[in-house]
Amino acid sequence: MDDWTTSHDRVLAQRHAEGWMFLIEAARDVRTTGAVAPSGKALARALTGPVREQAPRPLDILEAGSGTGAVTRALLTQLTPGSRLDVVEPNPRFAERLRHLTHRHPHLAGDPAQVRVHQSYLEELDTDRRYDVIVSGLPLTNFTPEQAETIMNRYLELLHPGGTLTYFAYLGTRRARRLVSSRAESRRHHAVEEAVAHYRRRYATGCWTVWANLPPAKVWRLQRPTGPTPAAPPAQAADFTA
Ligand SMILES: C[S@@+](CC[C@H](N)C(=O)[O-])C[C@H]1O[C@@H](n2cnc3c(N)ncnc32)[C@H](O)[C@@H]1O
């Protein structure tokens, strides 16, 4: 067997193992895990667009809710010299996997200190760092409206003025929940969507629909204003399709 075949097989086996791990963690706690499978490559690419667009400028990057590292892997390959990546994940089994992934990643051979893995909830992250780019994998629609607001406010606080946040939401979850959930659960879902929409009306600069993901997802990009917080929301964000 040649080298390419063995390394290709290794990657496939690794993805397979990660798929199972994700499914097991979702069975343990579906609300916090937020999905039954890791994000696909197209979604990871859409979420990490602000990093590519600013290359080769050194950036401070935060990824929140990294799971098995589907998006982390995309970020690692895009890290430019002098950039730093903080990864935040509360699930201890995912955090362990992320440490393994980041310590062994060939792209970091020159400087493994570029990446730190924090086993923590984003709300409890203890850091003085401020970020140019935040990539969120958090399942916001699984939270209460108050939790979602706390998280969005924390993101804004952690961003440098002018910094960018990307996050995603799966398409069709409201309709699916309406079919299978109680009225109270549907009301919670609607309230949390409204809470997050409030931030989009103020700070969104664009959104993309990623069809090549299971399930398809919408990626939003928000920007913290460079000056004081604007009094009025900006115009409706443009909708592109990826
Ligand atoms: C939908 S998964 C996304 C995983 C990965 N980013 C991906 O795209 O495949 C959500 C992740 O967020 C993590 N999570 C949930 N609540 C969190 C919180 N408050 N702070 C940080 N991470 C959280 C979960 O443990 C899970 O790994």
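Which helices each supply at least two residues of the shell around the ligand? In this predicted model, the helices that do so are α2 (30–33) and α5 (70–78). The ligand is surrounded by 23 residues, and the closest are Gly 34, Ser 39, Gly 65, Gly 67 and Gly 137. By residue type, the shell around the ligand consists of twelve nonpolar, nine polar and two charged residues.

Helix α5, one of the two helices named above, is mostly covered, with seven of its nine residues buried. The buried residues in α5 are Ala 70, Val 71, Thr 72, Arg 73, Ala 74, Leu 75 and Leu 76. Their cover includes the helices α3 (41–47), α4 and α6 (92–104). It also includes the strands β1, β2 (84–88) and β4 (131–136). Leu 75 of this helix is buried and belongs to the largest nonpolar core, which has 52 residues. Leu 75 is among the members that touch the most other members of that core, together with Leu 47, Ile 61, Ile 134, Leu 140 and Val 219. In soluble globular proteins, nonpolar side chains tend to be buried together.

Leu 140, another of these core residues, has contacts that lead to a second helix. Leaving aside neighbours within four places in sequence, Leu 140 is in contact with Ala 148, Ile 151, Tyr 167, Ala 169, Val 192 and Val 196. Of these contacts, Val 192 and Val 196 are buried residues of α9.

Helix α9 comprises the 21 residues 183–203. At 1.5 Å a residue, a helix of this length should span 30 Å, and the end C-alpha atoms of α9 are 31 Å apart, which agrees. The residues of α9 that are buried are Val 192, Val 196, Tyr 199 and Tyr 203. These four cover an arc of only 40° around the axis, so they lie on the same side of α9. An α-helix has 3.6 residues a turn, so residues three or four places apart point the same way. The buried residues of α9 pack against α7 (145–158), β6 (204–210) and β7 (217–223). On the other side of α9, the exposed residues are Arg 183, Arg 187, Glu 194 and Ala 197. Glu 194 counts as exposed because 11 other C-beta atoms lie within 10 Å, and a residue is exposed if that number is 12 or fewer. The C-alpha atoms of Glu 194 and Pro 145 are 8.2 Å apart, although the two residues are 49 residues apart in sequence.

Leu 156 is located in helix α7. With 18 C-beta neighbours inside 10 Å, Leu 156 is classed as partly exposed. Leu 156 and Leu 138 are 18 residues apart in sequence, and their C-alpha atoms are 15 Å apart.

The loop between β6 and β7 contains Ala 212 and Pro 215. Ala 212 is partly exposed, with 13 C-beta neighbours inside 10 Å. Not counting residues up to four places away in sequence, Ala 212 touches Gly 40 and Ala 42. A separation of 7.6 Å is found between the C-alpha atoms of Ala 212 and Leu 43, which are 169 residues apart along the chain. In the loop that holds Pro 215, a cis peptide bond joins Leu 214 to Pro 215, with omega about -5°. Another cis peptide bond joins Ala 55 and Pro 56, where omega is about 5°. Pro 56 lies in the loop between α4 (49–54) and β1 (60–64). Most residues other than glycine have a negative phi, and most peptide bonds are trans.

Strand β3 (residues 115–118) contains His 118. Is His 118 buried or exposed? His 118 has 20 other C-beta atoms within 10 Å and is therefore buried. Leaving aside neighbours within four places in sequence, the contacts of His 118 are Asp 86, Val 87, Val 88 and Leu 125. Arg 99 lies 19 residues from His 118 along the chain, and the C-alpha atoms of the two are separated by 9.2 Å.

How values were computed: Residues numbered from 1 in each chain as written. Predicted model: local features only at pLDDT ≥ 70, side-chain atom pairs only at ≥ 80, totals over all residues. Expected span 1.5 Å × (residues − 1). Arc of directions from axis to C-beta. Contact = placed C-beta atoms within 7 Å. Core = buried A, V, L, I, M, F, W, Y, C linked by C-beta atoms within 7 Å. Near = placed C-beta within 6 Å. Nonpolar A, V, L, I, M, F, W, Y, C, P; charged D, E, K, R; others polar.
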